[in-house]
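Trainee: Please take a close look at one part of this chain for me. I would like to follow a single sheet and what packs on it, then see how that part sits beside the others.

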Amino acid sequence: MNLPPGNRPDAASREPPLLAEGLQSVTEAALAHLDLDDLLSALLERIRGIMSVDAAAILLTDEDGEALVPRAVRGVDTIEEALGGVARIEFARQVATTGGAVGIEGLRGSSSDGLGTWVGEGGIRSLCGVPLVVEGRLVGVLQVATVARREFSAEDTLVLEALAERAAVAIDRARLHESEHAARSAAEMALQLENLQEVTESSLAYLDIDDLLGALLERITGILSADTAAILLTEEDGETLAPRALRGLDEELGEDFRVPVGIGFSGRVAATRGAVAIEDLDRTPIEVTNPLLLERRVRSVLGVPMVVEGRLIGVLYVGTALPRRFSASDAYLLQLVADRAALAIERDRLGEQDRIARTLQRSILPTEVPKIPGVAIAARYLPAATQAAVGGDWYDVIPLGDGKVGFAIGDVVGRGVQAAALMGQLRTALHAYAIEGGAPADIAARLARFTESLGEDAMATFVYAILDLDNGLLEFVNGGHPSPLLISPDSGPRHLDGASGPPLGVRIEVPFEPAETALPPGSMLFLYTDGLVERRGERLDDRDAALTSAAAAAPFDVDLLCDAVSDEMLEGAPTGDDVALLAVQNLGYHQDRLELTVPARVRELAAVRRSLRRWLLAAGATEDDVSAIVLACNEACANAIEHAYGPGDATFELHAGHRDGVVSVTVSDSGSWRASRGENRGRGMLLMRAFTDDLEIRSGETGTTVTIRRGLGERP
Amino acid sequence: MSGLAALEVDHSGEVPVVRVSGEVDASNADDLRDALLRAVSNQHRGLVVDLSETSYLDSAGIQLLFDVAERLRVRQLELRVVALPESFVADVLRVTRLEQRVGVDSRLGEAVNALR
């Protein structure tokens with residue numbers, strides 16, 4: 001496969017995350033190794049991993065720039081094997097001549113590739129090569145090979161080319177270093193090496209960004225015997241440079257000055273993206289704008305660009321008070337410091353954006369959901385573990401009066417600070433429209449118009465539902481969002497489909513079609529964002545099925561449901577995308593009654609205790625009353641669960657009410673009562689009697705009913 | 001153990017101490033029993049179960065304490081339980097008369113000293 005240069009997708013504009021990580025690791029290798037051989041082995045090792053290939057080789061041009069010579073190989077046992085396979089010179093020549101990626105697959109027995117019969121010795125079947133080019137100059141060829149037959153895709157060659165670009169620059173630099181070494185005396189070499197170690201020392205990585213930049217400037221002024229050093233960063237407009245770190249004479253300037261890109265010394269470094277040296281500022285044609293340079297306190301300067309991922313982020317320069325001619329190795333060393341500083345600044349910037357997005361996100365989402373009698377509500381916001389993937393998911397709970405409550409969940413398209421900010425606007429707008437009143441479809445239509453008014457880029461999906469606690473009816477709209485789950489004690493979880501509508505910000509005239517369903521007492525509504533179910537490399541259907549079974553196994557309690565589902569689906573924390581969860585349970589009481597249908601399984605005991613505790617506290621029971629009634633009911637429920645034979649779909653009912661200061665709770669099942677068996681059952685009865693005023697057990701053909709009563713308030 | 005309760009096993013002293021925090025009911029009592037029995041060996045004189053941080057304990061939990069006490073007794077080891085006086089758990093222990101078979105202390109130090 002041989003892609004014509006013009007048709008290649010632009011690598012920078014569509015770097016997938018894996019590529020970005022791969023490039024990062026190659027850049028790190030380039031910065032960490034100064035010796036050419038060390039560098040080549042580090043590069044090949046990483047490239048082999050990133051490309052998932054069996055062998056990789058680098059051939060370099062010789063001194064005349066004519067012949068290609070194999071210089072480093074990884075993944076083969078013998079020289080013969082290398083020369084016959086991954087490091088094949090004829091193939092490298094073809095790559096060099098083509099000037100772009102060349103791939104061949106299925107080498108066995110083939111001689112039609114124009115390379116003669118060179119099959120089998122290395123056991124490889126497929127080979128792909130890309131030229132290593134620096135500033136239009138060929139420095140070598142990078143080749144990768146697989147034992148299995150593999151067709152190198154457009155994406156593969158794209159990645160390989162991007163890696164080659166980084167590798168070429170590093171190799172060129174290391175070769176320069178190598179040739180300089182050869183020419184220098186042993187003493188000088190030792191000193192230079194020491195200097196290099198000083199700026200590449202890995203312990204610097206543990207410093208915070210300001211300390212790191214300061215330390216780098218300090219060391220480079222020391223090594224180069226300079227009197228001043230500065231890092232200027234390009235500002236957001238891309239047209240001016242502003243100081244970021246200053247050492248020596250430059251410190252006196254303060255941090256207020258700005259330098260335009262394009263003119264002046266620093267501006268020229270920025271514009272040419274190459275090292276610029278001025279031996280004597282009194283005799284230079286370059287127009288000088290930097291105040292320090294203007295004052296003529298500095299006579300010689302050397303500046304290098306700071307580049308990250310092909311983007312210019314700033315300029316690093318050093319200056320001396322006395323005239324001085326900077327050498328190529330000075331420039332090389334300074335560039336090394338600039339690369340190191342640029343990488344650190346970029347990492348810090350990404351981290352900063354991530355922090356802002358997280359803070360914004362947290363400040364907008366309600367920290368506590370409102371307490372509403374009759375419903376139990378739990379919400380979670382789980383930020384993604386990956387940096388800069390945060391922002392844009394929201395939930396909201398809106399008390400509407402008249403026994404109605406609104407529930408919203410939404411997900412803004414995009415990530416980072418902008419997504420978090422847009423999320424804040426949409427959440428506020430929805431909240432405001434909701435309290436004004438109106439059916440979900442009306443609110444959705446207004447919210448859609450609002451989103452369109454924000455501009456072209458605003459897009460989001462959402463669900464808005466209104467629960468009427470008087471009749472347990474739920475009306476909802478869905479704008480392109482994953483379907484909520486309804487989890488019923490009788491029939492388990494199901495997706496709530498039926499409502500339809502476009503995502504917010506999609507300018508098409510499609511009305512929102514609402515849907516209605518019953519949310520009977522005990523049942524739960526579960527709203528979530530797509531980060532819960534979408535995972536790279538897994539089918540959405542499988543993830544949906546996993547969610548349904550996680551929800552089916554979870555206890556009937558909103559907090560326990562959120563915890564169980566996030567544990568099961570995300571193993572604790574989401575990786576690729578953030579996740580919002582909102583769980584709502586109709587507790588079956590609007591005024592004085594609690595009515596629950598509960599699956600007959602022991603893990604529901606904790607869920608029942610939580611529901612009952614909430615209801616009792618709302619009914620005005622003291623902490624002692626609550627503990628006593630909860631314990632007695634728990635024993636009754638444990639009996640009911642034990643009575644349920646056979647498959648696990650049996651349920652029992654719990655009804656609670658209070659009148660004239662007396663709470664009564666009835667637990668009824670369809671099993672038959674069994675008399676105390678052994679001490680343990682006796683203890684359950686003992687506890688029920690001890691903690692209540694009255695205990696009544698009725699057992700008949702249809703089942704068993706246990707009723708307990710307890711008067712509220714102080715006891716003697 | 002389910003998420004309802006958490007265990008902290010302290011082997012730093014002469015006597016192993018298991019601190020149970022959270023809720024104990026029929027859903028996790030079996031797991032807790034196994035964990036308690038694993039925490040003690042025949043080289044020890046006994047085991048202390050600290051319920052100071054236990055917010056809920058029902059008849060299944062009581063049953064497991066009786067069980068563990070019985071199994072340790074066969075091995076000539078003693079079980080002691082710590083419950084804060086006036087606490088809900090202490091009420092449950094009293095009603096079910098656990099102290100007739102198992103030593104109940106209101107402080108951890110007392111329980112540990114009793115087994116030295």
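**A sheet and its helices**

Mentor: Start with helix H4 (residues 89-98) of chain A, which lies across E1, E2, E3, E4 and E5 of chain A and runs at about 125° to E5(A). This is a predicted model. The five strands under H4(A) form an open sheet in the order E2-E1-E5-E4-E3 (chain A), with antiparallel pairing. Its edge strands are E2 (68-74) and E3 (102-104) of chain A, each paired on one side only. On average, neighbouring strands of this sheet are turned by 20° against each other, direction ignored.

Look at one edge. E3(A) is joined by three bridges to strand E4 (residues 126-134) of chain A, and the two run antiparallel. Within that pairing, A:Ile104 has A:Leu127 in E4(A) as its bridge partner. A further helix also meets this sheet. Helix H2 (residues 36-51) of chain A lies across strand E1 (55-61), E2 and strand E5 (137-146) of chain A. H2(A) runs at about 60° to E2(A).

Now set another sheet beside that one. Six strands form an open sheet in the order E8-E7-E6-E11-E10-E9 (chain A), and the pairing is antiparallel. Strand E8 (259-260) and strand E9 (276-278) of chain A have a single partner strand each, so one side of each is left without a neighbour in the sheet. Further in, seven bridges join strand E6 (residues 228-234) of chain A to strand E7 (residues 240-248) of chain A, running antiparallel. There A:Thr228 stands opposite A:Gly248 in E7(A). Helix H10 (residues 328-364) of chain A packs on this sheet and touches E6, E7, strand E10 (300-308) and strand E11 (311-320) of chain A. The direction of H10(A) makes about 40° with that of E10(A).

H10(A) also has a helix partner. Its axis and that of helix H11 (residues 416-436) of chain A come within 8 Å and cross at roughly 15°. H10(A) and H11(A) are therefore roughly parallel to each other. Their crossing is left-handed. On the H10(A) side, the contact residues include A:Gln353, A:Ile356, A:Ala357 and A:Leu360. On the H11(A) side, they include A:Gly416, A:Ala420, A:Met423 and A:Arg427.

Next, the cores. In soluble globular proteins, nonpolar side chains tend to be buried together. The largest nonpolar core here has 93 residues, and A:Phe526, A:Leu532 and A:Leu654 touch the most other members. Helix H16 (residues 623-643) of chain A gives the most to this core, with twelve residues. A second, separate core of 53 residues includes A:Val397, A:Met423, A:Val463 and A:Leu467. A:Met423 of H11(A) thus appears in the helix contact and in this second core.

Beyond its near sequence neighbours within four places, A:Leu532 is in contact with A:Phe526, A:Arg543, A:Leu547, A:Val565, A:Met569, A:Leu570, A:Val579 and A:Leu581.

Finish with two buried strand residues. A:Met524 is found in strand E20 (residues 524-528) of chain A, and is buried with a relative accessible area of 0%. Its contacts beyond four places in sequence include A:Leu485, A:Leu519, A:Phe556 and A:Val584. A:Asp669 is found in strand E24 (residues 662-669) of chain A. At 12% relative accessibility, A:Asp669 counts as buried, because the cut-off is under 20%. Beyond four places in sequence, A:Asp669 touches A:Ala640, A:His643, A:Phe652, A:Thr702, A:Gly703 and A:Thr704.

Terms used
Residues are numbered from 1 along each chain as its sequence is written. Chains are lettered from A and ligands numbered from 1 in the order in which they are written. This is a predicted model: local features need pLDDT of at least 70, side-chain atom pairs count only at pLDDT 80 or more; totals for chains, interfaces and linings use all residues. Side-chain values use heavy atoms; hydrogens and water are left out. Two strands pair if DSSP finds at least two bridges between them. Helices (H or I, at least four residues) and strands (E, at least two) are DSSP runs, numbered from the N terminus. Contact means heavy atoms within 4.5 Å. Axes are lines fitted to C-alpha atoms, for helices over the stretch in contact, and angles run from 0 to 180 degrees between N-to-C directions. Buried means under 20% relative accessible area, exposed over 50%, partly exposed in between (1.4 Å probe, protein chains only). A nonpolar core is a set of buried Ala, Val, Leu, Ile, Met, Phe, Trp, Tyr and Cys residues joined through side-chain atoms within 4.5 Å. Angles under 35 degrees count as roughly parallel, over 145 as roughly antiparallel, 65 to 115 as roughly perpendicular and the rest as oblique. A crossing is left-handed if the near helix is turned anticlockwise from the far one by less than a right angle, and right-handed if clockwise.
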